[in-house]
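Dear colleague,

I am handing over the structure we spoke about, and below it you will find a short account of what came out of the analysis. Please read the account with the model open beside you.

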Amino acid sequence: MQFSELCVALDALETNPSRIEKTKILSDVFRRVQGEEAGFTVYLLLGKLAPDYEGIEIGLGDKMIIKALSTASGATRDSVEKLYEKLGDLGLVAKTLLESKRGATLLDYVGGQRNPLNIQDLHAELLRIARTSGEGSQEEKIGLLTRLLSNSTPNEAKYIARMVSGDMRIGVAEPTIIDALASVYTQGDTSLIERAFNVSSDLGYVAKTLATGGVEGLRTIKVTPGRPLQPMLAERAASLEEIFERMGGRAALEYKYDGERMQAHYYDSQITLFSRRIENITHHYPDVASNLQEGINSKSYIVEGEIVAVDPETGEMLPFQELMHRRRKHGVKEAVKRYPARVVLFDVLYVDGVDYTSKPYLERRRKLEGIVKPSEFVVVSTATVADSVQRAQEFFDSAIDAGCEGIMAKTLDPSVGYQAGKRGYAWIKFKREYKSELTDTLDLVVVGGFYGKGRRAGKIGGYLMAAYNPSTDTYDTVCKVATGFSDQDLAEIPKLLEAYRIPQRHPQVNTKIEADIWYRPAVIFEIVGAELTVSPMHTAAYSKVREEKGLAVRFPRFTGNIRTDKSPTEATSVDELLEMYNSQLKRVEADGA
DNA sequence: TTTGCCTGCCC
DNA sequence: ATTCTGC
DNA sequence: GCAGAATGGGCAGGCAAA
């Protein structure tokens with residue numbers, strides 16, 4: 001299939017908000033693509049080149065695409081950036097620039113002199129960009145992209161730019177593609193295709209298999225060590241009561257650890273670790289890999305757990321931030337010593353030829369406990385079964401004492417197995433921060449704004465927030481915030497702030513971050529977050545906790561309250577932030593008392 | 001050689 | 001990660 | 001309720017500019 005034909009479908013997908021319509025449009029595409037091409041089509045529709053675990057990255061982000069667009073169109077970098085600010089979408093920028101460009105390219109495509117690309121060619125070209133590395137590679141990548149763009153119509157360039165940026169903006173993700181494949185190959189029955197994707201994590205492969213071998217081909221895709229599954233996901237609950245309502249009065253509870261989720265696959269004496277997004281992370285955690293091989297006595301298995309950083313002296317769990325030092329390619333040996341990791345296992349999906357994903361929670365849990373020989377660095381998650389809110393509360397408190405983020409509740413329903421790829425109420429997470437009475441809100445001053453993208457194009461998409469520092473009479477940044485705003489907020493708030501808009505950073509604003517627009521400190525937003533972290537980017541409480549570092553809010557969001565009753569000097573002060581940070585550190589002891 | 005921008009991926 | 005919105 | 005989109009802090013690594 002020609003790329004130009006695919007673009008007709010992409011246009012239709014972009015225009016049609018209805019999922020039913022999108023499914024129809026995609027079905028037509030899948031009826032027309034042949035064999036292997038079906039796989040490439042799926043990857044391109046998703047704005048990627050391969051399944052995540054292949055680790056293939058294009059390595060061109062917004063800034064580099066802007067450079068390429070500037071070269072391809074002859075427009076200055078500045079004018080391309082301006083256009084991007086206005087349109088909020090590099091695809092539209094590409095289209096606009098190429099449309100307004102006169103001369104060679106325009107004549108080329110009008111005269112039909114360009115090389116028509118089919119889907120496979122395009123995929124191959126993008127792959128070439130991805131594989132270009134080393135000295136001079138940035139220029140080469142940009143050159144390859146420029147050539148691709150120059151060989152395209154403006155509308156094709158729109159989608160090429162979006163593919164490279166990894167965001168197609170056509171309202172299509174895996175579930176919609178699965179629906180479309182189902183309507184072509186299984187009379188609309190999604191279950192088989194969905195399952196094939198959820199146990200293989202490679203929708204391109206599923207599509208290719210369907211296109212070459214039909215439904216029969218899918219039967220070879222089953223739970224197999226070495227083939228990563230889509231992880232089962234949890235919904236959230238606002239209270240412990242809600243958990244018991246949803247789970248029928250009784251539930252299994254486990255500590256929820258603040259680390260990195262991991263799926264371990266072992267067979268033929270080989271172990272592979274996958275992250276939550278199905279990246280291969282084996283080389284990050286050689287200690288975890290070997291400890292698992294020692295700690296689990298089976299010929300083959302798939303188990304799931306959370307990797308947490310532990311204090312090398314005391315063995316106590318450390319914050320997520322510490323574990324992040326382990327996400328590295330170089331100096332792994334030293335990092336293993338300096339930031340030891342423990343794996344806390346919480347599920348088993350396969351053991352020695354038996355697929356456990358269809359088995360209920362208690363059976364999986366029993367099996368897990370049966371195969372794991374616990375040690376200092378391999379443990380099974382702390383778990384219990386509870387049938388009262390009071391018991392759950394005690395368990396939750398002990399989880400917080402132990403340094404966890406909260407608890408997970410898991411259904412005991414014997415008819416419910418491990419639901420790969422599904423987010424539902426079979427698993428429910430309940431975090432400390434969801435209990436509003438335990439989470440302090442912050443009153444922070446708006447000091448800057450950032451242009452929005454996509455559906456927030458032409459609006460302010462986020463704000464730069466600061467705390468007040470009375471000793472220097474400055475406003476020191478703590479976070480940006482961009483979530484929690486309704487469409488109405490996004491429309492109204494800029495009007496309110498317009499009166500305070502200034503052309504440059506206000507002299508009292510102390511920041512390392514360059515905002516798109518600046519405000520005089522005046523308006524206060526109420527912000528909530530999960531916790532405070534030590535920050536290299538923010539300036540609040542600078543060098544108070546760590547040299548040359550400030551404090552920042554983890555997972556910040558706007559509560560919907562604008563504190564018109566407060567003046568900016570009444571905002572949360574840096575001393576209050578410090579106090580919060582210190583009490584957060586002491587919380588473990590405080591809660592234990 | 002060092003610095004800093006940019007990107008991708010954890011949460 | 002969290003949150004909002006259209007279907 | 002699902003699916004999709006838009007956005008957060010912060011880490012390492014690749015590369016180019018200083």
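**Lysine 256 and the DNA contacts**

In this predicted model, a polar contact of 2.5 Å joins the side chain of lysine 256 to that of glutamate 405. Lysine 256 is also the residue that the UniProt annotation "active site" covers, and that annotation comes from an unreviewed entry. The residue is found in strand 2, which runs over residues 251-256, and it counts as buried because its relative accessibility is 17%, where the cut-off for buried is under 20%. Leaving aside residues up to four places away in sequence, lysine 256 touches Cys404, Glu405, Gly406, Ile407 and Met408, together with Lys429 and Lys431.

One of these contacts, lysine 429, leads on to the nucleic acid, since a polar atom of its side chain lies 3.5 Å from a phosphate oxygen of DNA strand C. Tyrosine 434 has a side-chain N or O atom 3.1 Å from a phosphate oxygen of DNA strand C, whereas for aspartate 487 a backbone N or O atom lies 2.7 Å from a phosphate oxygen of that strand.

Taken as a whole, the surroundings of DNA strand C comprise 14 residues, of which the closest are Arg236, Arg276, Thr483, Asp487 and Arg557. Of the atoms of DNA strand C that come within 4 Å of the protein, 97% belong to sugar and phosphate. By class, the surface near DNA strand C has 7 charged, 4 nonpolar and 3 polar residues.

With best regards

Terms used
Residues are numbered from 1 along each chain as its sequence is written. Chains are lettered from A and ligands numbered from 1 in the order in which they are written. This is a predicted model: local features need pLDDT of at least 70, side-chain atom pairs count only at pLDDT 80 or more; totals for chains, interfaces and linings use all residues. Side-chain values use heavy atoms; hydrogens and water are left out. UniProt positions are given in the numbering used here, feature names are shortened, and annotations may be inferred rather than shown by experiment. Helices (H or I, at least four residues) and strands (E, at least two) are DSSP runs, numbered from the N terminus. Buried means under 20% relative accessible area, exposed over 50%, partly exposed in between (1.4 Å probe, protein chains only). Contact means heavy atoms within 4.5 Å. A polar contact is a pair of N or O atoms within 3.5 Å; within protein, one must be able to donate a hydrogen and the other to accept it, and residues adjacent in sequence count only if both atoms are side-chain atoms. A residue is near a molecule or strand if one of its heavy atoms lies within 4 Å of it. Ala, Val, Leu, Ile, Met, Phe, Trp, Tyr, Cys and Pro count as nonpolar, Asp, Glu, Lys and Arg as charged, and the others, Gly among them, as polar.
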